[in-house]
Amino acid sequence: MRIFLIGFMGCGKSSFGKRLANKLGLSFVDLDIEIETSKGRSVSEIFALEGEKVFRCYETETLIQNTEKDNLIISTGGGTPCFNENMDLINSKGISIYLKMSSESLLHRLVNSKKERPLIKSMTYFELKKFISDK
């Protein structure tokens with residue numbers, strides 16, 4: 001069994017995934033942490049040094065590697081399903097669960113964690129609010 005958690009950045013995929021994995025007795029994988037571990041640098045550093053396109057390739061590569069494992073919950077990055085036909089892969093290899101959160105709640109969470117999130121780190125409060133509402 002493979003369960004993929006998808007949803008907007010900051011919606012709680014990692015937190016919920018850890019709790020769900022514990023409750024179901026499954027392993028837990030956070031794709032961003034897997035990428036950071038394998039590449040020896042943070043997601044922010046990868047974005048800064050190599051760009052988003054390279055990061056998305058790493059993301060797909062890491063996703064594919066983890067679809068070979070069984071009995072786990074995989075927390076994807078917020079953009080994972082949107083690139084490189086990853087959503088097709090997710091749907092063919094397991095169950096996807098979309099975690100949804102209100103725009104207001106996402107804004108509250110993300111405004112305080114912009115530093116760790118390369119796609120939004122330089123956005124003003126109002127730019128971030130628009131970015132969230134446009135998605």
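**Pocket and cores**

Six helices each supply at least two residues to the lining of the largest pocket: H1 (13-24), H2 (31-39), H3 (43-50), H4 (52-66), H6 (103-111) and H7 (125-134). The model is a predicted one. Among the contributing elements, H4 gives the most to this lining, with 4 residues.

The space in the largest pocket comes to about 1000 Å³. Its lining is made up of 42 residues, and those nearest the centre of the pocket are Phe8, Met9, Gly10, Lys13 and Gly78. By residue class, the lining of the largest pocket holds 18 nonpolar, 12 polar and 12 charged residues.

Phe8 and Met9, which lie among the residues nearest the pocket centre, also belong to the largest nonpolar core. That core has 11 residues; the others are Cys11, Leu99, Leu106, Leu107, Leu110, Ile120, Met123, Leu128 and Ile132. Two or more residues of this core come from each of H6 and H7, and H6 gives the most, with 3 residues. H6 and H7 are also among the helices that supply at least two residues to the pocket lining.

Leu106, a member of the largest nonpolar core, shows some of the packing. Leaving aside residues up to four places away in sequence, Leu106 touches Phe8, Met9, Gly10, Cys11, Met101 and Ile132. Of these contacts, Phe8, Met9, Cys11 and Ile132 are listed in the largest nonpolar core.

Another core lies apart from the largest one and has 9 residues, including Ile6, Leu31, Ile74 and Leu89. In soluble globular proteins, nonpolar side chains tend to be buried together.

How values were computed. Residues numbered from 1 in each chain as written. Predicted model: local features only at pLDDT ≥ 70, side-chain atom pairs only at ≥ 80, totals over all residues. Heavy atoms only, no water. 1 Å grid on protein atoms, 1.4 Å probe; cavity = no way out; pocket = protein on both sides within 12 Å on 5 of 7 lines; lining within 4 Å. Points joined across faces, edges and corners; volume = space filled by probe spheres on them. Nonpolar A, V, L, I, M, F, W, Y, C, P; charged D, E, K, R; others polar. Core = buried A, V, L, I, M, F, W, Y, C linked by side-chain atoms within 4.5 Å. Buried < 20%, exposed > 50% of the residue type's maximum accessible area, 1.4 Å probe, protein only. Contact = heavy atoms within 4.5 Å.
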